Amino acid sequence: MTDTFEVPIDSDSDVVVVRQHVRSHALQAKLSLVDQTKVVTAASELARNTLVYGGGGRLVIEAISNGVRRGLRLSFIDEGPGIGDVEQALTDGWSTGGGLGLGLSGSRRLMDEFDLESAPGRGTRVTVVKWVR
Amino acid sequence: MERVPILKLGDILIVSIQIDLQDQGVLALQEDLADAVVEHRARGVIIDITAVEIVDSFIGRMLSTIASISRVLDAETIVVGMRPAVAITLVELGLSLGGVRTALNLEKGVALLHSRDGVDSDTVTR
C-alpha cells in the first residue's frame, strides 16, 4: 500500500467530487480507458448508495499491490441503518430507494473484486478492487 | 445549480451535456426538456453526450425517461456521441437504455430525425 486518500460523501456535489478523485487515481494507477470508465461508473453508483441509503459517509481510495499486480481499492463506508438482507440487496433490480436497483449488482460486475459488509444498525462498508491488466 | 442550455434548431431541440452533472442537475434537465418540447412544439430531441465521461444508472435512467416523456409529447429522442468506453460500461452495468434511439454523432442524429415523417426539414436546413 503506497497511497491513501479520503473523500467525504455528504451531498450531491460530493458524488461529483468522488468521480473526479477516482478518475485521477485510476489514471495515476495506469488503468486502461475502459477500466477507468468502469471504475468511475462503479464509484458513482456506490457513492450515491452511501449518500442515499447510508445517510452519508466517506470513500477511502488506496493504491495497492499484491506483489505481482498493482490496483486501485475503493472503500465506501457509512454508519447508516445497514442492510438486512445482503443477498437480496445484490440482486439486479432490487431497490428500496426508488432506483433501478443496479447500483450494487452493476458495480460488482464492473469491478474485479467486490466485498460488502453490513448488518442492521451497524452501517455498511463496500470494498471494490480493480487490478491493472 | 448548473443548468444545461437547450438549443432550438427548427423543430428539433439540441442539448449538449458539457459538464459533470450533479443528480439535481440531471433531474432539472429532464424537466426543462419536457417544458421545452411543449413550448417549442418540438418533434425531435437530440442529446449529445460526446463530452460525457461516464453514464451511470442515474443518467441512464434520465435518458430513458426523457425518451418516454418526449414520446408522450409526440417527439422522438436520439442520444448521440456516446464514447465506446461508456457503451461498454453501460452494457456491463446492466443498463439497456430502453426506448432510446442512438446515433454516432450529431449530424447522423439530425439526419435520422429528418428521415422520419413529420419533421420539417426545410426549417432545419435553411
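**Where chains A and B meet, and the spaces around them**

Put chain B and chain A together and about 2,000 Å² is buried between them, 55% of it from carbon and sulfur atoms; buried area here is the accessible area (1.4 Å probe) that two parts lose on being put together, summed over both. On the chain B side, B:Ile54, B:Glu92 and B:Leu93 lose the most area to chain A, together 29% of what that side buries. This is a predicted model, where local features need pLDDT of at least 70 and side-chain atom pairs count only at pLDDT 80 or more, while totals for chains, interfaces and linings use all residues. Residues are numbered from 1 along each chain as its sequence is written, chains are lettered from A in the order in which they are written, and side-chain values use heavy atoms, with hydrogens and water left out.

In terms of contact (heavy atoms within 4.5 Å), 20 residues of chain B touch 22 residues of chain A. Six salt bridges run between the two chains, each a side-chain nitrogen of Lys or Arg within 4 Å of a carboxyl oxygen of Asp or Glu. One to look up is A:Arg19 with B:Asp20, whose closest N and O atoms are 2.6 Å apart. Helices H1 (23–39), H2 (57–72) and H3 (84–93) of chain B each give two or more residues to the side touching chain A, and H3(B) gives the most, with six residues. Helices here are DSSP runs (H or I, at least four residues), numbered from the N terminus.

Now for the open spaces. A pocket is an open set of points on a 1 Å grid over the protein atoms alone, with protein on both sides within 12 Å along at least five of seven lines, and lining residues have an atom within 4 Å of a point. The largest pocket has a volume (the space filled by probe spheres set on the points) of about 740 Å³. Of its 36 lining residues, A:Asn49, A:Tyr53, A:Ser95, A:Thr96 and A:Gly97 lie nearest its centre. H2(A) supplies the largest share of that lining, six residues.

The second largest pocket comes to about 220 Å³. B:Ile19, B:Asp20, B:Val52, B:Glu53 and B:Ile54 lie nearest its centre, yet helix H1 (residues 12–28) of chain A gives the most to its lining, with three residues. So B:Asp20, the salt-bridge partner of A:Arg19, turns up again here.

Note on methods: 1 Å grid on protein atoms, 1.4 Å probe; cavity = no way out; pocket = protein on both sides within 12 Å on 5 of 7 lines; lining within 4 Å.
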